[in-house]
Amino acid sequence: MKTIDEYLEEQINEQLNQIVLSGNKGEGPSKIKVRPVEIKGQVVYQASETVGPKVLHKNYPKKELISYLKNELLNNFLQLQASGMALDGTVLVSKKGRMTIKTKRHPGNELGKSDAQNTDMLGKMGKNPQILAHNRVKQYILKENIPVPLLVDLGVMNKEGKVITQKYDKFRQINRFLEFIQDILPRLEKQREVTILDFGCGKSYLTFAMYYYLRELKGYDVNIIGLDLKTDVIKKCNELAEKYGYKKLHFYQGDIADYEGVSAVDMVVTLHACDTATDYALAKAVEWGAKVILSVPCCQHEVNRQIRNEMLEPVLKYGILKERISALVTDGIRANLLESMGYETQLLEFIDMEHTPKNLLIRAVKTGNKKNMKKAADLMDSLHINPTLERLLYPEGEVHSEN
């Protein structure tokens with residue numbers, strides 16, 4: 001029978017896929033995941049600890065990782081499950097602290113041979129494919145170890161550009177948002193000034209990141225306008241824009257519903273505009289003929305107040321389910337309404353650690369190809385709902401009469 005040291009020594013190498021510690025005894029993180037990553041040509045092991053709503057990351061060399069895992073098994077967890085290209089294993093800890101280790105090899109796996117054969121094989125391949133897969137995940141738009149003034153001021157990076165471990169989720173979130181913008185770059189013209197409106201910009205770290213990415217990294221002549229109701233927030237954002245020398249980034253106090261500062265825009269961004277404020281932002285974007293719309297809705301209460309359906313009553317009678325169904329229906333109808341106005345629309349998952357763990361992002365790109373709304377109109381009728389965006393885009397009720 002292998003000891004825990006012998007097992008971990010054998011399991012932890014470049015062929016490791018993942019280790020998961022579960023069965024928390026009540027202290028420390030509720031779960032820990034470990035995977036190999038390559039940093040500056042060296043393989044290390046990244047432990048991701050789930051602590052409440054946060055996930056904290058720390059990298060360990062092999063020997064330190066073994067000590068770390070042993071300590072967690074002895075004091076905080078009852079189970080360890082590991083999977084690798086050559087070996088899987090499970091460690092169960094009894095109430096008295098006795099460890100039972102079970103392993104399973106993968107016969108026929110070329111990478112599951114002796115250490116000498118493995119070394120030769122990996123040398124021919126150049127690098128372990130599992131490590132390469134992890135590296136692809138880590139190829140962020142805003143690179144690590146390259147300082148970005150905004151991220152330094154936010155405490156996401158230090159002055160040398162190293163990402164602060166506790167802020168890694170925010171770093172990932174900002175990069176995820178920029179990925180959505182990267183996908184629509186062909187829709188933005190580079191030969192002229194591009195106007196972008198950000199409604200409900202709040203503290204605006206994503207707005208600043210967008211400006212930095214488009215203007216500093218991609219060379220677009222962008223004019224970005226941020227709009228929010230909070231005077232102190234707007235004042236602070238304008239001060240930061242001046243500090244960074246962002247001459248075409250401006251912030252104004254105002255309401256989404258009646259903003260008339262421009263007559264046409266290229267892209268409209270609205271992140272967490274609450275409830276029907278999202279609808280007014282989407283309607284404005286359509287009115288201005290925006291080529292691109294990026295919207296992360298928030299607090300979809302309107303449909304929750306309206307929705308009624310006899311067939312769904314056994315589900316809708318539960319408040320939490322009614323709330324979730326209403327939110328999904330709201331965003332689904334919004335997407336269909338935008339399609340009826342000539343936009344190709346996608347609903348994508350957007351990770352945002354400051355609000356809810358996961359949000360939907362509506363990405364709409366104008367094509368001019370208007371889609372029929374009959375099925376969506378029938379759904380709204382069956383649920384007895386009349387969303388604000390429908391009323392704004394179809395003030396005379398044409399969405400129902402034409403379908």
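Is C298 buried or exposed? In this predicted model, C298 is buried, as its relative accessible area is 17%. The legends below describe close-up views of selected strands and cysteines.

**View A. Strand 1 and strand 2 form a hairpin.** Strand 1 covers residues 16-24 and strand 2 covers residues 31-39. The two strands run antiparallel and are joined by three bridges. V20 has K33 in strand 2 as its bridge partner. Six residues lie between the strands of this hairpin. In the turn, G26 has a positive phi of about 120°.

**View B. Strand 2 pairs with strand 3 in the antiparallel sense.** Strand 3 is made of residues 42-51. Nine bridges connect strand 2 with strand 3. Within this pairing, I32 stands opposite E49 of strand 3.

**View C. Strand 5 and strand 6 make a hairpin with two residues between them.** Strand 5 spans residues 77-84 and runs antiparallel to strand 6. Four bridges hold the pairing. The bridge partner of Q79 is L92, a residue of strand 6.

**View D. Strand 6 has a covered face and an uncovered face.** This strand comprises residues 87-93. On the covered face are L87, G89, V91 and V93. The uncovered face carries D88, T90 and L92. L92 thus appears in two views: this residue belongs to the uncovered face and is also the bridge partner of Q79.

**View E. Strand 6 also pairs with strand 7, again in the antiparallel sense.** Strand 7 consists of residues 99-105. Seven bridges are found between strand 6 and strand 7. L87, a residue of the covered face of strand 6, stands opposite R105 in strand 7. The two strands form a hairpin with five residues between them. In this hairpin, G97 takes a positive phi near 90°.

**View F. C298 and C299 do not form a disulfide.** The closest cysteine sulfur to that of C298 belongs to C299, at 3.1 Å. Why is there no bond between these sulfur atoms? A disulfide requires two cysteine sulfur atoms within 2.5 Å, so the distance of 3.1 Å is too far for a bond. A search of the whole structure likewise finds zero disulfides.

**View G. C237 is a buried cysteine.** The relative accessible area of C237 is 1%. The cut-off for a buried residue is under 20%, and therefore C237 counts as buried. C298, with a relative accessible area of 17%, is buried as well.

Note on methods:
Residues numbered from 1 in each chain as written. Predicted model: local features only at pLDDT ≥ 70, side-chain atom pairs only at ≥ 80, totals over all residues. Heavy atoms only, no water. Buried < 20%, exposed > 50% of the residue type's maximum accessible area, 1.4 Å probe, protein only. Pairing = 2+ DSSP bridges.
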